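Here is a quick tour for someone who likes cut-offs spelled out. Have a look at the model first, and then we'll go through the contacts.

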2 protein chains.
Amino acid sequence: MAGTKERILDTTAELFRRYGYTGTGLKQIVADANAPFGSVYHFFPGGKAELGEAVVRRSGQMYLELVTAVFEAAPDPVTGTRDVFSGAAAVLRETDFIDACPIATVALEVANTSEPMRRAAADAFESWLDVLHDRFTAAGIGAPRASELAIELFCSLEGAFLLSRTTRSVEPILIAGRAATAAVQAALPAQVS
Amino acid sequence: MAGTKERILDTTAELFRRYGYTGTGLKQIVADANAPFGSVYHFFPGGKAELGEAVVRRSGQMYLELVTAVFEAAPDPVTGTRDVFSGAAAVLRETDFIDACPIATVALEVANTSEPMRRAAADAFESWLDVLHDRFTAAGIGAPRASELAIELFCSLEGAFLLSRTTRSVEPILIAGRAATAAVQAALPAQVS
DNA sequence: GTCTATAGAAGGATAGAC
DNA sequence: GTCTATCCTTCTATAGAC
């Protein structure tokens, strides 16, 4: 069985994804995690802010591993890009448009109110950009273009998460996915067939 | 001088943009708006939820007018697209990365908690997509492609807002803007010069 | 180290004087 | 219709028993 600290982290990540940072209360967290209230302050003496930062870093790491796994399972970055978007669309549909980006809502909420949490979100996003950059350069795309392409893919995905969740439709993420896939394809060096 | 109701609406829009829906308190709103507390319930009997929905619709309308004005001032949709992104980048820089999308934070917060507010945000986003669609078809782009292109542009802009605010850098929005501009250019029918 | 009880502040909402 | 005072809930945080 998972320890209390792990349960608090997992539960908080889930609640943040759905309700955001200010929308999630500590009492709701301990109730959902079947943990005593005092445990939050036992494991996170800095209170909600420290817990929040830990959760953002943890969620960022988990999503990094997910994206990395998808690209590693794909034969090439074009397929990897397509799989990331189609997988995200499938998860959205399966979870009734709840499970999108695990930290986007929190990132926007704290961008101008909590410097430690903003930095945690920025670090997470930049780690995702790094793995995309590496995958693209490994496929022969030049470093400067690979950096731009990573940012373009990230923006398309995050914007599509916002639009799909708000309109409760997977159409935006499918369209954004096709565009991103085509952009990666176009950036690849010419193939000798 | 503006009426009390207008002041409440304007102030709430400003606070929502910075702190989100759950992060903004009614007491903070009336304090910033120099309005008596009771005025909120006088003008918005439904309380915070009714005020929130009105603010989202109002902000959506104002941003629609802004985007429309930028495209009308531009000689062609390629220039219009570039101006939207460069203008957004300039505002971000001038406001210390506070003023980005006026409703994205709220939209993510309420996507799974308030159906009326979610619908208000969806209506706003769709009205922006409509004006983009109309601008693109007016330039000779076919209707199906124009719809996709509008969604692609929206996603790029919103994702870039998220990344730029979080990393406190205009680089993402400039890169996303270049990509979106190129996509619009590529979608235009061949020019006879 | 687990858990409960409670403090103190802030939240949304209401009543009623003027 | 303006404005104040107050109620009740919820929130974060702390104290202290076990």
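Helices here are DSSP runs of H or I with at least four residues, strands are runs of E with at least two, and both are numbered from the N terminus. This is a predicted model, where local features need pLDDT of at least 70, side-chain atom pairs count only at pLDDT 80 or more, and totals for chains, interfaces and linings use all residues. Residues are numbered from 1 along each chain as its sequence is written, chains are lettered from A and ligands numbered from 1 in the order in which they are written, and side-chain values use heavy atoms, with hydrogens and water left out.

**A loop residue and its backbone**

With the helix naming settled, take A:R168, which is found in the loop between α8 (143–167) and α9 (171–187) of chain A. Its phi is near 50°, a positive value for a residue that isn't glycine. A:R168 is partly exposed, with a relative accessible area of 30%; buried means under 20%, exposed over 50%, and partly exposed in between, using a 1.4 Å probe and protein chains only. Chain B offers another case: B:N34 has a positive phi of about 50° and is no glycine either. B:N34 sits in the loop between α2 and α3 of chain B, and it counts as exposed because its relative accessibility is 64%.

**How the two chains are related**

Superpose chain A on chain B and you need a rotation of 180° with 0.0 Å of shift along the axis, for an RMSD of 0.0 Å. The two copies are therefore related as by a two-fold rotation axis. The fit is by least squares on C-alpha atoms of residues with pLDDT of at least 70 in both copies. Which residue of chain A comes closest to the rotation axis? That's A:G159, with its C-alpha at 2.1 Å. As for the interface, 100% of the interface residues of chain A are also interface residues in chain B, so the copies meet through the same surface.

**The DNA strands**

A residue is near a strand if one of its heavy atoms lies within 4 Å of it. DNA strand D is surrounded by 13 residues, the closest being A:L26, A:K27, A:F37, A:Y41 and A:K48. Around DNA strand C there are 13 residues, and the closest are B:L26, B:K27, B:F37, B:Y41 and B:K48. Sugar and phosphate make up 47% of the strand C atoms within 4 Å of the protein. For strand D, 47% of such atoms belong to sugar or phosphate and the rest to bases.

The table lists polar contacts to phosphate oxygens, a polar contact being a pair of N or O atoms within 3.5 Å (within protein, one must be able to donate a hydrogen and the other to accept it, and residues adjacent in sequence count only if both atoms are side-chain atoms).

| Residue and part | Strand and distance |
|---|---|
| A:L26, backbone | DNA strand D, 2.6 Å |
| A:Y41, side chain | DNA strand D, 2.7 Å |
| A:K48, side chain | DNA strand D, 2.8 Å |
| B:T24, backbone | DNA strand C, 3.4 Å |
| B:Y41, side chain | DNA strand C, 2.6 Å |
| B:K48, side chain | DNA strand C, 2.9 Å |

Which element gives the most to the surface near DNA strand D? It's α3(B), with four residues. For DNA strand C, α3(A) gives the most, with four residues.

**Rings and a lysine**

A:K48 has another partner: its charged end sits over the ring of A:Y21, 4.4 Å from the centre. In chain B, B:K48 lies over the face of B:Y21 at 4.4 Å from the ring centre. The criterion is NZ of Lys or CZ of Arg within 6 Å of the ring centre and within 35 degrees of the ring normal.

Over all chains, the structure holds 14 aromatic pairs. One of them is A:F16 with A:Y21, edge-to-face at 5.5 Å centre to centre and 70° between the planes. Rings of Phe, Tyr and Trp (its six-membered ring) pair if their centres lie within 6.5 Å; planes under 30 degrees apart count as stacked, over 60 as edge-to-face and the rest as tilted. Both A:F16 and A:Y21 are buried.

**Helix α7 of chain A**

A:H133 is in helix α7 (residues 115–138) of chain A, and its side chain makes a polar contact of 3.2 Å with that of A:S147. A:F136 is in helix α7 too, and counts as buried at 0% relative accessibility. Setting aside neighbours within four places in sequence, A:F136 is in contact (heavy atoms within 4.5 Å) with residues including A:F71, A:L153 and A:V184.
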